[in-house]
Amino acid sequence: MSFRFERCLGIQSFQAPWDGVVAPSGKAAAPAALTLTAGGLIGCSWAMVFAAGGFKVKLYDIAQQQLTTALENVRKQMKELEESGFLKGTLSAEKQLALISVCTDMKAAVEGATFIQECTPENLELKKMIFSQLDLIVDDSVILSSSTSCLLPSKLFTGLKHVKQCIVSHPVNPPYFVPLVEIVPHPETDPSVTEKTYALMKKVGQSPVKLNREIEGFVLNRLQYAVISEAWRLVGEGVISPTDLDVVMSDGLGMRYAFIGPLETMHLNAEGISNYCERYREGMKLVLNTFGPVPEFSGEIEQKINQAMSEKVPAVPKHLGARREWRDDCLIGLAKLKKQMKSN
């Protein structure tokens, strides 16, 4: 089973009671509508996440055919998930699908919305254009959120009239199975926007984390790039083969990190963090001081890694698609296991 969508939409709109979403005052928020600007896999996945949470979703694109194709793909995916027992939420696939509608007019798409999630391609000028258009038609109560994975809020939102209502909600691909959402405020974002966004993500079953300030790469990509960088150096220096490098993560570190993070791992691998630092700080510093410069990610090392990966999974659509489907099936199983473990 795999999330394989065509280019999806421009804006998606949700409408449902925000039961359990608590306003900063501590009072339950009033029934509200939400809107997403969506594009491709992330947008369609977001639509499914919010429909599973009981929200009405309106999808926007300037091309009707794109909307039609997106709905067909979402319907197919939801049916497969229901048949396999992995459909999220308490509603049937048909009831969730009934919550999703489409629209080719931006004003109509965002009418009555209180939350807008943008999911267009990772292009700064395109995203700024979308938000400048939204800025002209939303009121002072609407939250404007972006799915960007690397563009800083200060680059996206500065200069907008509604900048205090702007925030980044960065999902992990595909958000339907990987629940993390990084919530990153603009320096001028109102604190209540952060809290409402956090509460909304919790309500629909995601795992939000709040960054106290913006930083290049946010947190997930900074950790990911640190691993990729050292992996690249180790292969480039001939310490280990590309294939064995991946085994170190998938059958080593990854086994732990699927359930606990690096800091808790430290905590459990000794008699607490302080004891770990006492035991290993000098060794860690010794190793870290041997790390090399940031790789160029090109040249002979790129060719070596590409050859190894292509021998394992040929870089052609048929083989890549099959491997992605296998990966997504694994993610489904892992998500189910984690849910069962949390409920025990």
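## Overall picture

A residue is called buried here when its relative accessible area is under 20%. By that cut-off, 41% of the 344 residues of this protein count as buried. Keep in mind that you're looking at a predicted model.

As for what the chain folds into, the secondary structure comes to 13 helices and 9 strands. Contacts reach a long way along the sequence: take those between residues at least 6 apart, and 70% of them join residues at least 24 apart. On the outside, the protein exposes about 18,400 Å², with carbon and sulfur atoms supplying 56% of that area.

## How confident is the prediction?

The mean pLDDT of the protein is 89, and 88% of the residues get to 70 or more. Two stretches deserve some caution. Across residues 2-10 the pLDDT is below 50, though the model still gives this stretch 45 contacts beyond near neighbours in sequence. Residues 15-32 also have pLDDT below 50, and their count of contacts beyond near neighbours in sequence is 39.

## Strand 7 and its partners

Is strand 7 enclosed or open? Strand 7 covers residues 166-171, and 6 of its 6 residues are buried, so the rest of the structure largely encloses it. Look at the side chains and you'll see two sets: Cys166, Val168 and His170 point one way, while Ile167, Ser169 and Pro171 point the other. Both sets are buried.

Strand 7 has a pairing with strand 6 and another with strand 8. With strand 6 (residues 143-146), the pairing is parallel and runs over 3 bridges; here leucine 144 sits opposite cysteine 166 of strand 7. With strand 8 (residues 180-185), the strands run antiparallel and 5 bridges join them. In that pairing, serine 169 has isoleucine 183 of strand 8 as its bridge partner. So Cys166 and Ser169, which point opposite ways from strand 7 and are both buried, give you handy places to start when tracing these pairings.

## A nonpolar patch on the surface

Now for something on the outside. Tyr280, Met284, Val287, Leu288 and Phe291 make a nonpolar surface patch of about 430 Å². One of these residues, leucine 288, belongs to helix 11, which spans residues 273-288.

Why does leucine 288 count as exposed? Its relative accessible area is 52%, and the cut-off for exposed is over 50%. That puts leucine 288 on the exposed side, in contrast to the buried residues of strand 7.

Terms used:
Residues are numbered from 1 along each chain as its sequence is written. This is a predicted model: local features need pLDDT of at least 70, side-chain atom pairs count only at pLDDT 80 or more; totals for chains, interfaces and linings use all residues. Side-chain values use heavy atoms; hydrogens and water are left out. Patches are made of residues with over 30% relative accessible area and no salt bridge: like charges are joined within 9 Å, nonpolar side chains (Val, Leu, Ile, Met, Phe, Trp, Tyr) within 5 Å. Accessible areas come from the Shrake-Rupley method with a 1.4 Å probe; for residues, only the protein chains shown count as cover. A salt bridge is a side-chain nitrogen of Lys or Arg within 4 Å of a carboxyl oxygen of Asp or Glu. Helices (H or I, at least four residues) and strands (E, at least two) are DSSP runs, numbered from the N terminus. Buried means under 20% relative accessible area, exposed over 50%, partly exposed in between (1.4 Å probe, protein chains only). Two strands pair if DSSP finds at least two bridges between them. pLDDT is the predictor's confidence in each residue, from 0 to 100. Contact means heavy atoms within 4.5 Å.
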